[in-house]
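Subject: Structure handover and notes

Dear colleague,

I am passing on the structure we spoke about, together with my notes on what turned up in it. Please read the notes with the coordinates open beside you.

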Amino acid sequence: MKKFLNKAKDYGQQQVQQRQGNKQQPMASQPDGQNRIQPPTKQDVDRYRYHHGTNIGTLFILEKWLTGSMFPDNANGSAEHAAAQGWVKKEGLDNARQRFEKHWREYLSDADIDWLRDVAKCTSVRLPIGWFTLGSDWCKGTAFKDVAGVYQNAWPAVKDLVARLNQRGIAILIDLHGLPGGANSQEHSGTNSGKTEFWSSSSDQDIATHALCHIATEARNMDGVLGLQLVNESEANAKGMYDWYTRVINEISRVDPTLPLYISDAWDFSQCINWTLSHNNATAQTNPIVIDTHLYWAFSDADKSKTPQQITGEASNSLNALDNKEGSVLDRGAVQAIVGEYSCVLTEDSWAKSQGVPKDQLVHGFGNAESSRFQSRAGGSFFWTYRMDWMEGGEWGFKQMTKSGAITPPVGLTLSVQDVQSRITHAQQGQQSARAQAVSQHSQYWDNNHPGQYEHWRFERGWDVGFSDAMVFFRMRSQRSLNGGDRIGMLELWVLKRVRESGMGGKFVWEFEQGVRKGVADWYQLAGI
């Protein structure tokens with residue numbers, strides 16, 4: 001009994017902490033509406049599971065340092081436009097188009113996709129594209145107008161790749177990596193202009209907005225698309241960035257309000273968290289918003305001064321700006337982040353401070369720290385990158401870092417179909433006992449420590465939803481004869497989705513929310529993952 005009371009006390013303290021700071025009850029005055037909760041679908045799992053994956057860089061938006069083979073000798077630069085322009089000048093438009101189409105078609109083979117699924121245990125990939133990838137018409141009036149014909153069949157190539165990946169159980173984050181005018185001054189925006197003109201150009205913003213709405217429209221009929229990223233690595237302190245985000249989100253919500261939208265944090269994670277919390281609220285019916293943050297320790301002078309061991313420690317404590325921002329979507333809103341790019345690369349200055357520890361050992365420890373931290377604090381992570389001319393890529397190579405054991409998948413993805421089924425059976429056997437204990441702890445804590453009127457049946461209903469959801473996510477892969485079981489990695493947004501769909505109103509909806517969270521947690525405890 002003492003053990004049970006201690007558990008109840010700990011549970012109650014967690015509940016109070018999650019309820020602290022409540023400044024408003026956005027649904028307090030609303031009566032219950034229609035319950036729209038249905039069992040999770042494949043699309044739900046694709047979108048809300050933990051995303052373990054890699055970027056498929058330099059496929060639809062070239063970078064010379066990765067694929068120099070796609071640049072002719074006469075290329076006047078290191079970006080996509082320089083390559084296209086160079087080949088058109090060297091061998092004519094038709095031959096240049098055929099060359100690019102061959103690259104789009106063959107760069108990621110079926111064998112590559114099988115390796116990503118079966119060996120690396122990828123659930124998802126991030127696919128960078130440019131606005132020009134949508135086709136020749138989208139190049140008009142932009143820097144790509146002189147090579148527009150090269151991209152005549154680019155978008156069909158994207159759709160074909162999405163279909164091939166989806167067929168093998170891998171979902172796709174379509175990342176509009178390159179925006180007209182450049183959201184940053186780097187070559188991965190598509191040109192070597194060295195300028196960041198997007199944020200000051202209404203015409204460029206209009207093109208990007210229309211492009212994103214077009215992609216969202218197309219994605220409605222593209223099975224396997226887990227989300228759409230609005231921009232990659234926005235320039236720090238970009239003027240008007242959040243205003244543009246708001247406009248785009250409003251436009252896309254008219255096309256498909258269910259599609260998760262990913263935004264760049266513009267190198268200010270904390271500010272982006274606060275903005276996102278205000279948008280992912282229980283009463284809004286717009287798209288769920290996910291933060292894309294990038295974590296590298298290989299570029300700044302400050303990083304050069306650190307030892308590999310120090311950087312590994314920083315990786316183990318990264319994303320801590322999320323602390324105290326999660327746990328109650330009704331009180332604070334929902335925040336969810338993914339690490340859209342990271343690597344195992346450090347500067348030579350850092351490696352020189354290794355204190356005699358072999359580099360391979362340090363790389364392994366660094367990658368393990370990243371994997372562990374991201375899986376515990378983020379909704380997903382995408383290594384940069386999978387392929388390059390110089391395979392297997394060293395610390396930039398997902399394949400090499402996976403094969404060496406530096407980058408590791410979530411444990412659930414390594415299980416066999418038989419093990420998945422065994423854990424499901426075990427969890428089901430313990431379901432009623434766990435439910436009774438959870439309901440008792442919840443009810444007794446609030447009734448005894450904060451006497452008053454409650455509606456504990458909402459907690460019970462939430463627990464049932466959370467337990468069932470966790471199980472459906474976990475078994476979905478086995479139903480497609482795929483090894484491994486998925487977790488609800490995007491938990492904050494999933495809870496928000498369930499609160500919205502519940503139709504519940506009034507001042508006790510928080511009991512439903514906490515029930516969902518407890519049901520999910522209890523399922524994972526019983527399943528042993």
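In which loop is the place of Glu 392? Glu 392 sits in the loop that runs between strand 8 and helix 15, and since this is a predicted model, I would ask you to read what follows as a description of that prediction. The peptide bond leading from Met 391 to Glu 392 is cis, with omega near 15 degrees. A further cis peptide bond joins Trp 384 to Thr 385, with omega near 5 degrees, and Thr 385 is likewise found in the loop between strand 8 (380-383) and helix 15.

Turning to the interior, the largest nonpolar core has 106 residues, and those with the most contacts inside it are Phe 100, Leu 116, Tyr 151, Leu 230, Trp 244 and Tyr 245. Helix 8 (residues 241-255) supplies the largest share of this core, namely 8 residues. There is also a second, separate core of 51 residues, which includes Val 290, Phe 382, Leu 415 and Val 509. As general background, nonpolar side chains in soluble globular proteins tend to be buried together.

Tyr 245 is a useful residue to start from, for once residues up to four places away in sequence are set aside, Tyr 245 touches Leu 230, Val 231, Ser 234, Ile 263, Ser 264 and Trp 275. Leu 116, also listed among the core residues with the most contacts, belongs to helix 5 (residues 110-118), where Asp 112, Ile 113, Trp 115, Leu 116 and Arg 117 are buried. The buried residues of helix 5 pack against two strands, strand 1 (51-55) and strand 2 (124-130), and against two helices, helix 6 (154-167) and helix 15 (398-403).

Two helix pairs deserve a look. The axes of helix 8 and helix 9 (residues 269-279) come within 12 Å and cross at roughly 30 degrees; as angles under 35 degrees count as roughly parallel, helix 8 and helix 9 are therefore roughly parallel to each other. Helix 8 passes helix 9 in a right-handed crossing, and the contact is made by Tyr 242, Tyr 245, Thr 246 and Ile 249 on the side of helix 8, with Gln 271, Cys 272, Trp 275 and His 279 on the side of helix 9. By class, the residues of this contact divide into 5 nonpolar and 3 polar, with no charged residue.

The second pair is made up of helix 16 (residues 417-429) and helix 18 (residues 457-476), whose axes come within 10 Å and cross at roughly 165 degrees. Because angles over 145 count as roughly antiparallel, helix 16 and helix 18 are roughly antiparallel to each other, and their crossing is left-handed. Here Val 420, Arg 423, Ile 424, Ala 427 and Gln 428 of helix 16 meet Phe 467, Met 471, Phe 474 and Arg 475 of helix 18, a contact with 6 nonpolar, 1 polar and 2 charged residues.

Several loop residues are also worth noting. Gly 182 is placed in the loop between strand 3 (171-178) and helix 7 (202-219) and is buried, with a relative accessible area of 5%. Leaving aside neighbours within four places in sequence, Gly 182 is in contact with Ser 189, Lys 195, Thr 196, Glu 197 and Phe 198, while its C-alpha atom is separated by 9.8 Å from that of Val 231, 49 residues apart along the chain. Ser 354, in the loop between helix 13 (348-351) and helix 14 (359-377), is buried as well, with a relative accessible area of 13%, and touches Pro 308, Gln 309 and Leu 362 when residues up to four places away in sequence are not counted.

The loop between strand 4 (225-229) and helix 8 holds Asn 237, which is exposed, with a relative accessible area of 71%. Glu 233 lies in the loop between strand 4 and helix 8 too, but counts as buried at 11% relative accessibility; Glu 233 has a positive phi of about 45 degrees although it is not a glycine. Ser 481, another residue that is not a glycine, has a positive phi of about 60 degrees. Ser 481 is placed in the loop between helix 18 and helix 19 (491-502) and is exposed, with a relative accessible area of 64%.

With best regards

Note on methods: Residues numbered from 1 in each chain as written. Predicted model: local features only at pLDDT ≥ 70, side-chain atom pairs only at ≥ 80, totals over all residues. Heavy atoms only, no water. Core = buried A, V, L, I, M, F, W, Y, C linked by side-chain atoms within 4.5 Å. Buried < 20%, exposed > 50% of the residue type's maximum accessible area, 1.4 Å probe, protein only. Helix = DSSP H or I, 4+ residues; strand = E, 2+ residues; numbered from the N terminus. Contact = heavy atoms within 4.5 Å. Axes fitted to C-alpha atoms, helices over the stretch in contact; angles between N-to-C directions. Parallel < 35°, antiparallel > 145°, perpendicular 65-115°, else oblique. Left-handed = near helix turned anticlockwise from the far one by under 90°. Nonpolar A, V, L, I, M, F, W, Y, C, P; charged D, E, K, R; others polar.
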